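The exercises below take a reader through the contact between two chains and then through the salt bridges. Each task is followed by a solution worked out in steps.

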Amino acid sequence: MSAACQITPMPVVVRIGPLIAACHSEVVLHADRLNRLDCAIGDGDHGTNMQRGCEALLAERRQLETMPLAETLVEAGRILIMTIGGAAGPLYGTLLMELGRAIAAADGAEDFPAAFTLAVDAVARRGKSRPGDKTLLDVLCPLSELLAQAGGSEDMPDRVAALAEMTVPMRAMRGRASFLGERSVGHMDPGAASCAFLVAAVWRELNGERGA
Amino acid sequence: MSAATTNVGIVIVSHSPLIARGAADMVRQMVGDSVPLAWCGGNPAGGLGTDVAAILQAIEDAWSDAGVAIFVDLGGAETNSEMAVEAIGAPRAARIVICNAPIVEGAVMAAAEASGGASLERVVATAEELSPS
C-alpha cells in the first residue's frame, strides 16, 4: 500500500518497503564509522545499535507496508525503541511515533513540515536537549526549519551532512559525551551523523535517486 | 495482602546486568523479601545497554499497588525507562517514579524505607536526598 506525502515541493509517494531497505543499507554502509565516532565520545556502539534497529524494521517491512502511513510510522518507532537498546532508540523512536501521530491528527490535511516540527519538538523533550547541545537535534531542528520554509532542498544530502559537520566544534551538553566536557570538542556527534545519513537516504529514496 | 505487595517496589536498570544484579543482591541483603524487587541490564542483543522490553518486564515483576521506584545508571537507562513507563500508561504510570539518585545507594536506601511501609513519595524523597540538588 502506498500513501501520498509531501516532503518536497513535488508530491511524492512513500513506498515503505524500499524506504526501509534504503535506510538499512545506509546504516550498514556507515555502521563502522558511526561506531568509531561513538568510540571517541561515547560507548562505541551507535552503529551497531542503529543497525540492529534497522534490521528489525527490515524484518517487519512486509507488515509495515500494509498499514496506512501514520500507523506505519508509529509502529516503526515502537520497533526502534524496542530494538536499538541505546539512547538512540527512544530518540529515533519518538521521532517516528510522533510524526505518525501528527500525520494522523492532521487527518488528511497534508502538511508534512508541520508534522515534522511537532515530532522534532517531541525528540527535544525526550532528550531534554536543544540545538547546540551536540546531538541529533543539530540536524533535525535546522531540517525542520528548512522543510517549513522551503519544503526541502535540491541538495538535501549535502545540507544535512554539513549540519552534522557543524557538531564537530560543539561541546556536548547531553548524553555520555557530556562527561568529557571540553574533550568532546573536535568530534562529530554520532547521533547527528546517523541522522544525516538517514535523512539523505530517505531523501534519495523519495526523490528516486539510488546509491550514495 | 502480604508486605511484599503493599510495600513500594524497587526496579534497578543498569547498562550492565552485573551491576543491576549486584545492586539487587545488596537490596535483598538489606530487606529480604519484604519489598518487591526486580532488575534488568543489557541491550536486546546481550551487550551493554538497556532494553525497554526488559524494563517493562521488571516493572511488572516488582509491581506494587503502592507504586514502583526505578533506579538507573546512565542516560540511556533513564530514557528507556521513561519509554517503558509511558508504554505502561495510565493509571499505573502515575505510580512509577524514575529516581534521581545513585543506582546502588539509592536502591538500598529506598528499599530500606519501603520495607517499613513508607509511601512512594517518601521512598523517592529518601533516595533523592543522596543526589546533590
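**Exercise 1.** In this predicted model, find how much area chain B and chain A bury between them, and what part of it lies on carbon and sulfur atoms.

*Solution.* The size of an interface is often given as the accessible area lost when the parts come together. For chain B and chain A this buried area is about 1300 Å², and 55% of it falls on carbon and sulfur atoms. As for the residues involved, chain B brings 19 to the contact and chain A brings 15.

**Exercise 2.** Count the salt bridges between chain B and chain A, and say which helices of chain B supply at least two residues of the side that touches chain A.

*Solution.* Between chain B and chain A there are 4 salt bridges, and there are also 4 residue pairs in polar contact, with both residues at pLDDT 80 or more. On the side of chain B that touches chain A, at least two residues come from each of α3 (52-61) and α4 (75-88). The largest share of that side, 7 residues, is supplied by α4(B). Sorted by class, the side of chain B that touches chain A consists of 8 nonpolar, 7 polar and 4 charged residues.

**Exercise 3.** Place the partners of the salt bridge between Lys128(A) and Glu82(B), and decide for each partner whether it is buried or partly exposed.

*Solution.* The closest N and O atoms of Lys128(A) and Glu82(B) are 2.6 Å apart. Because Lys128(A) lies in the loop between α6 and α7 (137-150) of chain A, while Glu82(B) lies in helix α4 of chain B, the pair joins two chains. Lys128(A), at 43% relative accessibility, counts as partly exposed, whereas Glu82(B), at 16%, counts as buried because the limit for buried is under 20%. Salt bridges with shared partners link Lys128(A) and Glu82(B) with Arg126(A), Glu78(B) and Glu86(B) in one network.

**Exercise 4.** Describe the salt bridge of Glu205(A) with Arg15(A), and state how many residues apart the two partners are.

*Solution.* The structure holds 16 salt bridges over all chains. In the one between Glu205(A) and Arg15(A), the closest N and O atoms are 3.7 Å apart. Glu205(A) belongs to helix α9 (residues 190-206) of chain A and Arg15(A) to the loop between β2 (12-14) and α1 (16-41), so that distant parts of the chain, 190 residues apart, are linked. With a relative accessible area of 10%, Glu205(A) is buried, while Arg15(A), at 43% relative accessibility, is partly exposed.

Methods: Residues are numbered from 1 along each chain as its sequence is written. Chains are lettered from A and ligands numbered from 1 in the order in which they are written. This is a predicted model: local features need pLDDT of at least 70, side-chain atom pairs count only at pLDDT 80 or more; totals for chains, interfaces and linings use all residues. Side-chain values use heavy atoms; hydrogens and water are left out. Contact means heavy atoms within 4.5 Å. Buried area is the accessible area (1.4 Å probe) that two parts lose on being put together, summed over both. A salt bridge is a side-chain nitrogen of Lys or Arg within 4 Å of a carboxyl oxygen of Asp or Glu. A polar contact is a pair of N or O atoms within 3.5 Å; within protein, one must be able to donate a hydrogen and the other to accept it, and residues adjacent in sequence count only if both atoms are side-chain atoms. Helices (H or I, at least four residues) and strands (E, at least two) are DSSP runs, numbered from the N terminus. Ala, Val, Leu, Ile, Met, Phe, Trp, Tyr, Cys and Pro count as nonpolar, Asp, Glu, Lys and Arg as charged, and the others, Gly among them, as polar. Buried means under 20% relative accessible area, exposed over 50%, partly exposed in between (1.4 Å probe, protein chains only).
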